[in-house]
Amino acid sequence: LLKVGGVSDYEMQLRHKNGGIVTVSLNARVVRDSAGQIIATEGFLRDISARTRTERALRDSQQLLASITHNISEGIYRSTPDKGLIFINDAFVQMFGYSSKAEMLAVPSANLYADRGARARLIELIQRDGRFLNEEVQFVRKDGSTFWGLASSIGIRDPDSGQAGFFDGAVTDITDRKRIEQERLQLNAELERRIADRTAELRQSDERFTKAFNSNPAILSIIR
């Protein structure tokens, strides 16, 4: 202050009487006499603690959003009933095989479902229950191939209408899990078929043996 003659919106922290820290903005200048000597300083302090807390919370939110966008392996999205997708993270774009967020956001949401009625059913669940959890949904990639996703979403309701205006959710690609489950089912079915075939063969063999045994006089005479 003494060097430059004044400060404007200079932020600093002071300790309150109660021991807490207060962030303030200082505006001040020096007052000189006719000879140019400093005889006083004048100014005012403005408590900006609330503003700095808001700014810090905003930075934290931005960091969290950036982390979700770039680092989360699950596909994260926000959509609306009418406009469809309005936010997607990098994993969501990669999951569906698109080259950019802008390209994917331009695609009608209904086109991402193998069953066009699935989206309407899921929206109905949110409007009725407020959310849905772990719904297995078959989705369509950009190249037309399909994959299975485990989807969960919650509705963010409009305070006036009470209807869900936004859907925030996540999708996990479970294609490999579904493939393993299908292979297991096929293996179980094959084992059951083989067991049934073997049981039938043993039954037929037993019947042939019994018939041959009962119809052979030599065997019967030996037993007698």
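A residue counts as buried here when its relative accessible area is under 20%, and as exposed when that area is over 50%. Keep these cut-offs at hand, and remember that the model is predicted.

**Exercise 1.** Find which residues of α4 are buried, and work out how they are placed around the helix axis.

*Solution.* Start with the accessible areas: A118, R119, L122, I123, L125 and I126 of α4 are buried. Next, look down the axis: these residues span an arc of only 155 degrees, so they lie on the same side of α4. The spacing helps here, because an α-helix has 3.6 residues a turn and residues three or four places apart point the same way. Now turn to the other side of α4, where R116, E124 and R128 are exposed. Finally, just past the end of α4, G130 has a positive phi of about 90 degrees.

**Exercise 2.** Trace the sheet that α4 packs on, and explain why β5 and β6 are its edges.

*Solution.* First, write down the strand order of this open, five-stranded sheet: β5-β4-β8-β7-β6, paired antiparallel. β5 and β6 each have a single partner strand, so one side of each lacks a neighbour in the sheet. From one strand to the next, the twist averages 35 degrees. Then add the helix: α4 touches β4, β5, β6, β7 and β8, and its direction makes about 170 degrees with that of β6.

**Exercise 3.** Identify the residues that touch the most other members of the largest nonpolar core.

*Solution.* Among its 25 residues, these are F92, F96, M104 and L112. By element, α4 gives the largest share, five residues. Then follow M104, whose contacts beyond four places in sequence include L85, F92 and L112.

Note on methods:
Residues are numbered from 1 along each chain as its sequence is written. This is a predicted model: local features need pLDDT of at least 70, side-chain atom pairs count only at pLDDT 80 or more; totals for chains, interfaces and linings use all residues. Side-chain values use heavy atoms; hydrogens and water are left out. A nonpolar core is a set of buried Ala, Val, Leu, Ile, Met, Phe, Trp, Tyr and Cys residues joined through side-chain atoms within 4.5 Å. Buried means under 20% relative accessible area, exposed over 50%, partly exposed in between (1.4 Å probe, protein chains only). Helices (H or I, at least four residues) and strands (E, at least two) are DSSP runs, numbered from the N terminus. Contact means heavy atoms within 4.5 Å. The arc is that of the directions from the helix axis to the C-beta atoms. Two strands pair if DSSP finds at least two bridges between them. Axes are lines fitted to C-alpha atoms, for helices over the stretch in contact, and angles run from 0 to 180 degrees between N-to-C directions.
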